[in-house]
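Open the model in your viewer and keep the selection tool at hand. Each stop below says what to select and what is there.

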Amino acid sequence: MIFPAAAGATKEWPVTNPSMGRALLWATALTDCRDCLDLADRLSRLPSSPGLLAVEACSASRHLVRLAIVYFGQLYTPGYEDGSAVASNRHMTAELDQLEAEAFPHHVDLARFHALKAVLLDLRHGTIAHADGRAFRVEHDWNSARATTPILDATLQAEFRGCCAKLILALLRRAARIAEAP
């Protein structure tokens, strides 16, 4: 890891635990995800003003939700590894399962999270990251066509944000355990 030092120089701090490196990347992705969802929520509630029309705020809000879904997907896509600094997600299935179990200790909550995760990853894979025709609703008129894509409603957005917060807390606890290990 590289941290800024005085006068613009950098100092390299070795990361010898690839799981810690991946946990830090997950924490960053989830924090960015939560921040996008917070801003999307604020934008969706803004009234029209001379500098920002309500339709522009709603559009920006939708884009932020889509970006949050992409950030969330970073936990569940393979990712690349960097030697002894960061592990790839390919070998982190057990860690992800443990993280989810810690974040959602009750069976009902874990099942609800898995259902939300499936929706989010379907959106990421079929709509946001790739244009899968099955995910779009297309309406044809005699001289035009209009496509709409699914997006999260306010209830699912709130649930998504809450899940991110629980996962962040579980990651912080996990990182503390990794740091304390010999």
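Start with helix 5 of this predicted model. Select its buried residues: Gln-157, Glu-159, Phe-160, Cys-163, Cys-164, Leu-167, Ile-168, Ala-170, Leu-171, Arg-174, Ala-175 and Ile-178. Now show the whole helix, residues 154–180. Helix 5 has 27 residues. From first C-alpha to last it reaches 39 Å, close to the 39 Å expected at 1.5 Å a residue.

Go to the N-terminal end of helix 5 and pick Asp-153, which caps it. A side-chain oxygen of Asp-153 lies 3.2 Å from the backbone nitrogen of Thr-155.

**The cysteines**

Stay on helix 5 and select Cys-163 and Cys-164, both on its buried list. Add Cys-33, which is buried with a relative accessible area of 0%. How far is the sulfur of Cys-33 from the closest cysteine sulfur? The distance is 3.4 Å, to Cys-164, and that is too far for a bond. The cut-off for a disulfide is 2.5 Å between the sulfur atoms.

Now take Cys-163. Cys-163 also counts as buried, at 8% relative accessibility. Its sulfur has the sulfur of Cys-164 as the closest one, 7.2 Å away, and this too is too far for a bond. The disulfide count comes to zero.

**The aromatic rings**

Next, select Phe-72, Tyr-76, Phe-104, Phe-113 and Phe-160. Ring pairs link these residues into a cluster. How many aromatic pairs does the model hold? The count comes to four. One of them joins Phe-72 and Phe-113. This pair is edge-to-face, with 6.3 Å centre to centre and 75 degrees between the planes. The pair links distant parts of the chain: Phe-72 sits in helix 2, Phe-113 in helix 4, and they are 41 residues apart.

Are Phe-72 and Phe-113 buried or exposed? Both are buried. Turn to Phe-104, which also pairs with Phe-113. Here the rings are stacked: the centres are 4.6 Å apart, with 15 degrees between the planes. Phe-104 is buried, as is Phe-113.

**Helix 4**

Follow Phe-113 into helix 4, residues 107–128. Select the buried set: Phe-113, Leu-116, Lys-117, Leu-120, Leu-121, Leu-123, Arg-124, Gly-126 and Thr-127. What do the buried residues of helix 4 pack against? Show helix 2, helix 3 (93–103) and helix 5 for the answer. Check the span as well. The 22 residues of helix 4 should cover 32 Å, and the end C-alpha atoms are 30 Å apart, which agrees.

**Helix 2**

Move to helix 2, residues 54–73. Its buried residues are Ala-57, Ser-61, Leu-64, Val-65, Ala-68, Ile-69, Phe-72 and Gly-73. Helix 2 has 20 residues, for which 28 Å is expected at 1.5 Å a residue. The end C-alpha atoms are 29 Å apart, in agreement.

**The whole chain**

Zoom out and colour by secondary structure. The protein chain has five helices and four strands. From the N terminus the order is β-β-α-α-α-α-β-β-α.

Switch on the surface to finish. The chain exposes about 11200 Å², and carbon and sulfur atoms supply 59% of that area. Of the 182 residues, 32% are buried. Among contacts with a separation of 6 or more, 65% are between residues 24 or more positions apart.

Terms used. Residues are numbered from 1 along each chain as its sequence is written. This is a predicted model: local features need pLDDT of at least 70, side-chain atom pairs count only at pLDDT 80 or more; totals for chains, interfaces and linings use all residues. Side-chain values use heavy atoms; hydrogens and water are left out. Helices (H or I, at least four residues) and strands (E, at least two) are DSSP runs, numbered from the N terminus. Buried means under 20% relative accessible area, exposed over 50%, partly exposed in between (1.4 Å probe, protein chains only). Contact means heavy atoms within 4.5 Å. Accessible areas come from the Shrake-Rupley method with a 1.4 Å probe; for residues, only the protein chains shown count as cover. The expected span of a helix is 1.5 Å times one less than its number of residues. A polar contact is a pair of N or O atoms within 3.5 Å; within protein, one must be able to donate a hydrogen and the other to accept it, and residues adjacent in sequence count only if both atoms are side-chain atoms. Rings of Phe, Tyr and Trp (its six-membered ring) pair if their centres lie within 6.5 Å; planes under 30 degrees apart count as stacked, over 60 as edge-to-face and the rest as tilted.
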